[in-house]
Amino acid sequence: MANIKVCLSFDFDAVSIWVGPRGTRSPNLISRGEFGAKVGAGRMLRLLADEAIPSTWFVPGHTIDTFPEICREIADAGHEVGYHGYCHEGPTSKRPLDEERSILLRSIECIERISGRAPVGHRLPGGNLGERWTRLLLEHGFSYDSSMAPHDFATTYHRLGDVPRTDAAYEFGREVDLVILPFDWNMDDAPYFSYEPGSGRPGLRSPDEVRQIWQDEFDYLVGRVGEGVYVLTMHPQTTGKGSRMLMLERLIAHMKSVDGIEFTTLAAVAEEFRVANPLPD
Ligand SMILES: [Zn+2]
């Protein structure tokens, strides 16, 4: 029997992505984030409740400050709430360390306010997970990051001290106590569905086509790999639309038809991995 953990994760960007990194003041685009917070997230919460599925939500502090009620509902329903920037800003070496730290702390405080606890999970809203940011996450007690995928279905540890040489082999650094849970764009709804005028991003793919890709990834994990973690990333403003919600219902039904599947949070998978694979002191 397969031993598969399925993690449904949600990046609850709401309007932060539009007014933050996209820098737009277009009411049309901002309304898409508003839809995610006022309609999409509620639909998603109802589906998760009906299916009795625990999940992980990466919520920017800006979303919590702007739409506190729905964020509180997420936490009250027992879903994990993880870090996703304050206004969807990614780490950058161009910002002084103090500023980076204050963005992190402000966002942690927002999450504590609605969930009663500090986040243990992190997903990059943008930028790259440089060494400085990795050290900050370690300093502030984060358990895992879900922003990259050195393995598509396995859990691993982050490293510090890589040396990206070009005149000789790449040198890998030492593993540190920050777990990596896979994130990859082929398992994210945004590139498939999110149409942004003028961006060159076509989006608007058929939900059936996307379900087939996600289902094939799942079937490969079950049939060829046999054990591991399956992480799907969705945005309430994107997958919260009717046709995509029906697609997600069908995908969940398919997953539930397989023995040995457990729906769980990323935090739970990270903790289990850490216990089973402790780093040497
Ligand atoms: Zn995001």
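Helix α2 (residues 27-51) and helix α10 (residues 242-256) are a good place to start in this predicted model. Their axes come within 12 Å and cross at roughly 20 degrees. Because angles under 35 degrees count as roughly parallel, α2 is described as roughly parallel to α10. The crossing of α2 with α10 is right-handed. On the α2 side, the meeting residues are R43, M44, L47 and E51, and they face G242, M245, L248, E249, I252 and K256 in α10. Sorted by class, the residues of this contact are five nonpolar, one polar and four charged.

Helix α10 also packs with helix α8 (residues 207-225), with axes that come within 10 Å and cross at roughly 25 degrees. That angle makes α8 roughly parallel to α10, and the crossing of α8 and α10 is right-handed. From α8, the contact draws on P207, D208, V210, R211, W214, Q215, F218 and D219, while α10 supplies S243, R244, M247, R250, L251, H254 and M255. The classes here are seven nonpolar, three polar and five charged residues.

The two pairs can be set out together:

| Helix pair | Axes come within | Crossing angle |
|---|---|---|
| α2 and α10 | 12 Å | roughly 20 degrees |
| α8 and α10 | 10 Å | roughly 25 degrees |

Now to single residues around these helices. R43 has its place in helix α2 and is partly exposed, with a relative accessible area of 31%. Which residues does R43 touch, not counting residues up to four places away in sequence? They are F35, G240, K241, G242 and M245. For G240, the separation along the chain from R43 is 197 residues, yet the two C-alpha atoms are separated by 6.6 Å.

T238 belongs to helix α9 (residues 236-239). T238 is buried, its relative accessible area being 7%. Leaving aside neighbours within four places in sequence, T238 is in contact with D189, F193, S194 and R244. One of these, R244, is also among the α10 residues that make the contact with α8.

Helix α6 (residues 131-139) offers another view of burial: its buried residues are W133, T134, L136 and L137. Seen down the axis of α6, they fall within an arc of 160 degrees, so they line one face of the helix. What do the buried residues of α6 pack against? Their partners are the strands β3 (80-83), β4 (121-122), β6 (156-160) and β7 (174-182), together with helix α5 (97-115). After α6 comes G141, with a positive phi near 75 degrees.

Positive phi values turn up beyond glycine as well. Most residues other than glycine have a negative phi. A52 has a positive phi near 55 degrees without being a glycine, and A52 lies in the loop between α2 and β2 (56-59). H88, also not a glycine, has a positive phi of about 65 degrees and sits in the loop between β3 and α5. Are A52 and H88 buried or exposed? A52 is exposed, with a relative accessible area of 64%, whereas H88 is buried, with a relative accessible area of 7%.

Key: Residues numbered from 1 in each chain as written. Predicted model: local features only at pLDDT ≥ 70, side-chain atom pairs only at ≥ 80, totals over all residues. Heavy atoms only, no water. Axes fitted to C-alpha atoms, helices over the stretch in contact; angles between N-to-C directions. Helix = DSSP H or I, 4+ residues; strand = E, 2+ residues; numbered from the N terminus. Parallel < 35°, antiparallel > 145°, perpendicular 65-115°, else oblique. Left-handed = near helix turned anticlockwise from the far one by under 90°. Contact = heavy atoms within 4.5 Å. Nonpolar A, V, L, I, M, F, W, Y, C, P; charged D, E, K, R; others polar. Buried < 20%, exposed > 50% of the residue type's maximum accessible area, 1.4 Å probe, protein only. Arc of directions from axis to C-beta.
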